[in-house]
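Please look over the sequence and the model below before reading on. The text starts with the whole chain and then turns to one helix.

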Amino acid sequence: KGLPVTLGILYLAAARSQSWGAAGLSFPGYFLIRLESRDGRRAILDPFHGGRILEAPQLRELLKVMAGAAVELEAGHYMPVSNRDVLVRLQNNIKIRRLELGESEGALDALKCMQVLKPDDPNVWRETGVIHMRLGHLKKAVEAFEHFVAHAPEGPDRAKISGVVCELRERLH
């Protein structure tokens, strides 16, 4: 029982303690583990379903459920992610669960962890700003949105958030 990423971390720790090659994968919307034997054989495991081995047809089916019917498997879905990315994914899952439960402060705690792990990820700062704004923490919302604007690429989202920052500053004064 538990979040797939949490269970995946346990799988990774157990595999690495035995000197097996193990990595979390960049699979959209679902955390999978790739194990590699000393002789180069690989298997992709689903940590949430008892470590069952998934073959290409099952991976394709899972991908369509998670990312949409038009999405097809590609090499990027099998790419290993860093330990830091695994922890960010775990915190993101915690944030989502907390928001579903109406626990905005708990979601902010998860976002703070994500900021430590990926301080230059503009999306984390935007989400932090949105939650602070909803909670009425306007000064903290402005700070988070300013960080977003400083790190986000040019585009409509950055321009929109810049406008929000101006509006919030007016409300603060």
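What follows describes the overall layout and then a single helix.

This is a predicted model. The protein chain contains seven helices and four strands, and their order along the sequence is α-β-β-β-β-α-α-α-α-α-α. Along the principal axes, the C-alpha atoms fill a box of roughly 65 × 35 × 25 Å. The chain has 173 residues, and 35% of them count as buried. Of the contacts between residues at least 6 apart in sequence, 43% join residues at least 24 apart.

The accessible surface of the protein chain is about 10100 Å², and carbon and sulfur atoms account for 56% of that area. There are 24 positive and 21 negative side chains, with the centres of the two sets 4 Å apart.

Now take helix α5, residues 122–135. Its 14 residues should span 20 Å because each residue adds 1.5 Å, and the end C-alpha atoms are indeed 20 Å apart, which agrees. At the N-terminal end, Asp 121 acts as the cap of α5: one of its side-chain oxygens lies 3.0 Å from the backbone nitrogen of Asn 123. After the helix comes Gly 136, with a positive phi near 85°.

Which residues of α5 are buried? They are Pro 122, Val 124, Trp 125, Thr 128, Gly 129, Ile 131 and His 132. An α-helix has 3.6 residues a turn, so residues three or four places apart point the same way. The buried residues of α5 pack against three helices: α3 (83–100), α4 (104–117) and α6 (138–151).

Technical notes:
Residues numbered from 1 in each chain as written. Predicted model: local features only at pLDDT ≥ 70, side-chain atom pairs only at ≥ 80, totals over all residues. Heavy atoms only, no water. Helix = DSSP H or I, 4+ residues; strand = E, 2+ residues; numbered from the N terminus. Buried < 20%, exposed > 50% of the residue type's maximum accessible area, 1.4 Å probe, protein only. Contact = heavy atoms within 4.5 Å. Areas by Shrake-Rupley, 256 points an atom, 1.4 Å probe, with all protein chains shown as cover. Lys, Arg positive; Asp, Glu negative; His and termini not counted. Charge placed at Lys NZ, Arg CZ, Asp CG, Glu CD. Expected span 1.5 Å × (residues − 1). Polar contact = N/O pair within 3.5 Å; in protein donor to acceptor, adjacent residues only side chain to side chain.
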